[in-house]
Amino acid sequence: MIEVKGLVKHYGSKRAVDGVSFTVNRGDILGFLGPNGAGKSTTMKMITGFLRPNAGTALVNGHDVTRDPVAVKKQLGYLPESAPAYGEMTVEEFLGFIAETRDFRARDARDAQVERALGLTQLAPVRRQTIETLSKGYKQRVGFAQALLHNPPVLILDEPTDGLDPNQKNEVRALIKNLAAEKAVVLSTHILEEVEAICTRVIIISQGKVVVDETPAQFRARQPGARLDAIFRSLTTSDA
Amino acid sequence: MSQITPVFKREFLGYFRSPVAYVFLVVFLMASVGLAFFIGGFFRTNLASLESFFVFHPWLFLFLIPAAGMRLWSEEKRTGTVELLFTLPITTLEAVLAKFFAAWAFLTVAILLSFPMVITVGYLGDPDWGVIASSYLGSILMAGSYLGVCSLTSALTRNQVISFVLSVLACLVLLFLGWSVFNSVLHSVFPVWLVDLLANFSFATHFNAFTKGIIDPKDVVFFLSLTGFTLFLNVVALER
Ligand SMILES: Nc1ncnc2c1ncn2[C@@H]1O[C@H](COP(=O)(O)OP(=O)(O)OP(=O)(O)O)[C@@H](O)[C@H]1O
Ligand SMILES: [Mg+2]
């Protein structure tokens, strides 16, 4: 469903992403790991068509993001890092706007999608509150609701559980796991347990390059008995 | 192009979600009417005409339209919502047009809210309605061109202050090109044909005809093509 082929992104002379390739199939939940500044967000921005790659491309359901970005964007639900949203709108208004841009123009269809998204992310109690007055965790949920709204076949989630309380973290993980059966999901995270809990694959990138691409079981088997963060450290600092 | 509708709607209603819009409308009306009364001698001229009202529009717009337009793109960049907008299934052109038309519609509302002036001259005398209509048309067209410039400059930076200053400077140049004092300075440096050519690019030159009741297709084409050109550059600047 997602085919990433040799993505490269420079910022000035710095190579933020340096030839990243991988594929994600339907039913997969890909955990995207790496130290701060490794290039996770930048890779996701290129897959979603927000940033233009300097080289390489990504295919989503067969659509090439460099050739037909709008077709790719129709397939995607994307939660950007730190969940930006129009703060002066209420949750309801904002999701209504997203629904309209996602082609739910008729009032009934639009409201049905908004209700569904509000329900999935448990936002109903704050639906009439403006987004700028929400707490960080609720803002994050609004971003998640926006990404799920049109029930897209592909989800790209940049740190979806960032800022959530432990109960909500579990809720969101369970939700992602439930949805994933007929979707391809890429999520970035700094929580290694999250990867073990829900991901079917792990990719670690370091300094813009893929250093690990395997199942969580294989990842754990690298150093049986060791803590996950110890394995992570040895993989991402050795080449620094 | 169907994607213009939801974004236009969000943007236009967005003006009325924040107090800034109301402040802007009040300032706009007070400044335009105030200039007409105190400097233009609206009553002193003893004429049933709005010329003393419209004559200040090029100068008023110089500050007020950058104030309205500075946030168009810089705000989206600063808050990160630009990432959200451009991962919705919408092209850059659609987004630029939708935001531009929403802002233009808002400015049109601001300009038309001066209708009590029209009622006043209609009540006190026997104005030339054709001149008033063409003045309004010219003012709205000129507002579009100013706004095109401001939309472009605001796409160049995430800082609203820089955006405002750049907009005022760019508009100032476009305005001064037709100002006789400025042109006599230019005449001392450049050949006459060049100065006359440059004067053709001035807001004031093209706007004056409208305030005399003349709707010259050349002037209409000037404002529309300047607007179109700045919006084209706006798309280029955003896709960069
Ligand atoms: N707009 C930009 N201009 C210059 N450099 C940038 C820009 N955006 C990102 N970078 C650089 O690219 C590199 C990769 O950044 P990226 O945001 O992809 O990291 P990340 O893996 O998501 O990190 P984190 O875990 O902190 O979210 C970093 O070194 C960052 O400084
Ligand atoms: Mg990141």
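Start in chain B of this predicted model. Select helix H4, residues 57-69, and helix H10, residues 160-176, both in chain B. Their axes come within 9 Å and cross at roughly 155 degrees. That angle is over 145 degrees, which makes H4(B) roughly antiparallel to H10(B). Now check the hand of the crossing: H4(B) passes H10(B) in a right-handed sense.

Stay in chain B for a second helix pair. Select H13, residues 203-211, and H14, residues 217-239, of chain B. Here the axes cross at roughly 135 degrees. They come within 9 Å of each other. How do H13(B) and H14(B) lie to each other? They are oblique, because of that crossing angle. The hand of this crossing is left: H13(B) passes H14(B) in a left-handed crossing.

Next, move to ligand 1. Show the 14 residues around ligand 1. Which of them come nearest? Label Gly37(A), Lys40(A), Ser41(A), Thr42(A) and Glu81(A).

Now pick out three side chains and their polar atoms.

- Glu81(A): a polar side-chain atom lies 2.6 Å from an oxygen atom of ligand 1. Glu81(A) is also among the residues that come nearest to the ligand.
- Asn36(A): an N or O atom of the side chain is 2.8 Å from an oxygen atom of ligand 1.
- His190(A): the side chain places an N or O atom 2.8 Å from an oxygen atom of ligand 1.

Turn on a surface next. How much of ligand 1 does the protein cover? On its own, ligand 1 has 640 Å² of accessible area, and the protein covers 64% of that.

Then colour the shell by secondary structure. Two elements of chain A give two or more residues each to the shell around ligand 1. Select strand E2, residues 14-24, and helix H1, residues 40-47. Which element gives the most? It is H1(A), with three residues in the shell.

Last, recolour the shell by residue class. How many residues of each class surround ligand 1? Expect four nonpolar, six polar and four charged residues.

Methods. Residues are numbered from 1 along each chain as its sequence is written. Chains are lettered from A and ligands numbered from 1 in the order in which they are written. This is a predicted model: local features need pLDDT of at least 70, side-chain atom pairs count only at pLDDT 80 or more; totals for chains, interfaces and linings use all residues. Side-chain values use heavy atoms; hydrogens and water are left out. A residue is near a molecule or strand if one of its heavy atoms lies within 4 Å of it. A polar contact is a pair of N or O atoms within 3.5 Å; within protein, one must be able to donate a hydrogen and the other to accept it, and residues adjacent in sequence count only if both atoms are side-chain atoms. Accessible areas come from the Shrake-Rupley method with a 1.4 Å probe; for residues, only the protein chains shown count as cover. Helices (H or I, at least four residues) and strands (E, at least two) are DSSP runs, numbered from the N terminus. Ala, Val, Leu, Ile, Met, Phe, Trp, Tyr, Cys and Pro count as nonpolar, Asp, Glu, Lys and Arg as charged, and the others, Gly among them, as polar. Axes are lines fitted to C-alpha atoms, for helices over the stretch in contact, and angles run from 0 to 180 degrees between N-to-C directions. Angles under 35 degrees count as roughly parallel, over 145 as roughly antiparallel, 65 to 115 as roughly perpendicular and the rest as oblique. A crossing is left-handed if the near helix is turned anticlockwise from the far one by less than a right angle, and right-handed if clockwise.
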